[in-house]
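Q: I have a structure open in front of me and would like to learn how to read it. Could you take me through some of its features?

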Number of protein chains: 2
Amino acid sequence: MTELLSTTYTRADEAFDCLQTAIVKGELAPGEKIGELELCSRFNLTRGPLREALGRLESRGLLVRRPHAGVKVVSVSASELMELYRIREVMEGLAARQAAERMTDQEIADLRATLDTHERMIDEAQGQAYYQAEGDYDFHHRIATGSRNTKLAQMLLGDLYYMVRMYRYRLSTSTGRPQRALGEHRRIVEAIAQRDGELAEFLMKRHINAARQNIEKKIQEGEISI
Amino acid sequence: MTELLSTTYTRADEAFDCLQTAIVKGELAPGEKIGELELCSRFNLTRGPLREALGRLESRGLLVRRPHAGVKVVSVSASELMELYRIREVMEGLAARQAAERMTDQEIADLRATLDTHERMIDEAQGQAYYQAEGDYDFHHRIATGSRNTKLAQMLLGDLYYMVRMYRYRLSTSTGRPQRALGEHRRIVEAIAQRDGELAEFLMKRHINAARQNIEKKIQEGEISI
DNA sequence: TTAGTCAATATTGTTGACAATATGACCACT
DNA sequence: AGTGGTCATATTGTCAACAATATTGACTAA
């Protein structure tokens, strides 16, 4: 997942991917102290590559390390999750604007097709949470890369999305508003297709803001807890 | 610089800091292939901690690594530098808005004091580029942390600023508009002091946008090149 | 002369052993 | 009984040797 372009795949890369998905899927509980040798036996790794992977994950903020004290998965509060959405709002707004300016017609066609399959999944499967999340992730992923802003895509795909997905898995509940979200996605795509960057930015910001408020409400109502 | 709070300072942290500053200061030329043992002898390190530091730096996008092929400092084009400023614009705009909502009165007072010393430096030293850059960095640093948005501050301080500083060193020229920048800084601080988040965000975005256009103009005029 | 292949080499990736340190229990002391 | 300190232990940080691979150069054939 890290460098698919690379010819070889080092053990450190393997360790990084294993740990990252394990953290995202919640298989490694946050706050729990976890030893290196335990991780080694669990993922069939040796300590060298493991430590290198731990360094990368720490650098990305997915876990914290105290010298000689071990490593634990980062535990984030509800307020911090809300802060993540504030960041997404401005960064993905920028991504949408630049995507409107730079995406190829082919990419836009693919994006539309993505939304069609997403719609089918919602109809057929009554919008199972997992596929909803994947569809949503795919949409935002395409816009991030479509921005042609290398660093922006790197920060969104390499940092923010993993944290957001971590919470999606942990809450094990989707936004619960698939039709509405799909409609918002469609309007964003239309703005991009019309090369209206300003409108695309506005719609994307409003879209993420709505998602944030939706989660905030659920948390306040006690439906979900972190 | 990485974890000053931590009681102990591991060799890997040392390696990370050494390499990072070396990259930022341009002592390690971008694009140049550089061997691990050479780095070891140069910074009095062993390969273990060095490799861990290399992993972190790669994760932060300061260098690229190809398996069995070595590591080289990332070389970024002028257009990519401009993209960095686009990201800064939206992210620091958010930081300024949240700082206006959350900074303590003491922090705001300190921020004002920072600008005063910055003004003195400009007057006395006729604005030597290095101190200008440091003063500017300090200003943006305080607002990032003042946002109380952990992830936002982490991304700004841990990712973007190092890349921007890298270019500052490489161009070895400041923005060349110290007085104007100082005035913009002052207006941002006043907006924060009045707890006007919306205005602070607007002014910060305009400030960074102006800096970007300034550099863009210089590049087009051929004054500086990358 | 040039292109391609093959092997030698140097560099990176990995592994296991050694040293340093934080944690936790136990005991003495207040 | 509570607190403070000390010591044993287990875990992490570090190091040096080994294995695997990309690069470089020479050599051969077209």
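Q: Which atom of DNA strand C is 3.3 Å from an N or O atom in the side chain of His68(A)?
A: A sugar or linking oxygen of the strand sits at that distance from the His68(A) side chain. Keep in mind as we go that this is a predicted model. The elements of chain A that give two or more residues to the surface near DNA strand C are α1 (11–24) and α3 (47–59), and α3 (47–59) of chain B does so too.

Q: What lies 2.4 Å from a polar side-chain atom of Arg66(A)?
A: There you will find a phosphate oxygen of DNA strand C. Thr10(A) also reaches a phosphate oxygen of this strand, with a side-chain N or O atom 3.3 Å away.

Q: How many residues are around DNA strand C, and which come nearest?
A: There are 21 residues around the strand, and the nearest are Arg11(A), Thr46(A) and Arg66(A) from chain A with Arg47(B) and Arg51(B) from chain B. On the DNA side, 78% of the atoms of strand C that come within 4 Å of the protein belong to sugar and phosphate. Sorted by class, the surface near strand C has nine polar, seven charged and five nonpolar residues.

Q: Let's turn to the other strand. How many residues surround DNA strand D, and which are the closest?
A: Here 20 residues surround the strand, and the closest are Arg47(A) and Arg51(A) of chain A along with Arg11(B), Thr46(B) and Arg66(B) of chain B. Sugar and phosphate make up 79% of the strand D atoms that come within 4 Å of the protein. The surface near this strand has eight polar, seven charged and five nonpolar residues. At least two residues of that surface come from each of α3 of chain A, α1 of chain B and α3 of chain B.

Q: Where is a phosphate oxygen of DNA strand D 2.2 Å from a side-chain N or O atom?
A: Look at Arg51(A), whose side chain holds that N or O atom. The side chain of Arg66(B) has an N or O atom 2.4 Å from a phosphate oxygen of strand D. With Glu36(A), look at the backbone: one of its N or O atoms lies 3.1 Å from a phosphate oxygen of strand D.

Q: Now for helices. At what angle do helix α2 (residues 36–43) of chain A and α3(A) pack?
A: The angle is about 110°, and the axes are 10 Å apart. Angles of 65 to 115 degrees count as roughly perpendicular, so α2(A) and α3(A) are roughly perpendicular to each other. Glu36(A), Leu39(A) and Cys40(A) of α2(A) meet Arg47(A), Leu50(A), Arg51(A) and Leu54(A) of α3(A). This contact has four nonpolar and three charged residues, with no polar ones.

Q: At what angle do the axes of helix α2 (residues 36–43) of chain B and α3(B) cross?
A: They cross at roughly 110° and come within 10 Å, which makes α2(B) roughly perpendicular to α3(B). From α2(B), Glu36(B), Leu39(B) and Cys40(B) take part, and from α3(B), Arg47(B), Leu50(B), Arg51(B) and Leu54(B).

Q: How far apart are the axes of helix α1 (residues 11–24) and helix α7 (residues 150–171) of chain B?
A: Their axes are 8 Å apart, and the helices pack at an angle of about 45°. α1(B) and α7(B) are therefore oblique to each other. Gln20(B), Ile23(B) and Val24(B) of α1(B) make the contact with Tyr162(B), Arg165(B), Met166(B), Tyr169(B) and Arg170(B) of α7(B). By class, the contact has five nonpolar, two charged and one polar residue.

Q: How is a pair of aromatic rings described?
A: You give the distance of the centres and the angle of the planes. Over all chains, the structure holds two aromatic pairs. In one of them, the ring centres of Tyr137(A) and Tyr161(A) are 5.9 Å apart and the planes stand at 75°, so the pair is edge-to-face. Tyr137(A) lies in helix α6 (residues 129–146) of chain A and Tyr161(A) in helix α7 (residues 150–171) of chain A, so the pair ties together parts 24 residues apart in sequence.

Terms used
Residues numbered from 1 in each chain as written. Chains lettered and ligands numbered in written order. Predicted model: local features only at pLDDT ≥ 70, side-chain atom pairs only at ≥ 80, totals over all residues. Heavy atoms only, no water. Near = heavy atom within 4 Å. Polar contact = N/O pair within 3.5 Å; in protein donor to acceptor, adjacent residues only side chain to side chain. Helix = DSSP H or I, 4+ residues; strand = E, 2+ residues; numbered from the N terminus. Nonpolar A, V, L, I, M, F, W, Y, C, P; charged D, E, K, R; others polar. Axes fitted to C-alpha atoms, helices over the stretch in contact; angles between N-to-C directions. Parallel < 35°, antiparallel > 145°, perpendicular 65-115°, else oblique. Contact = heavy atoms within 4.5 Å. Phe/Tyr/Trp six-rings, centres within 6.5 Å; stacked < 30°, edge-to-face > 60°.
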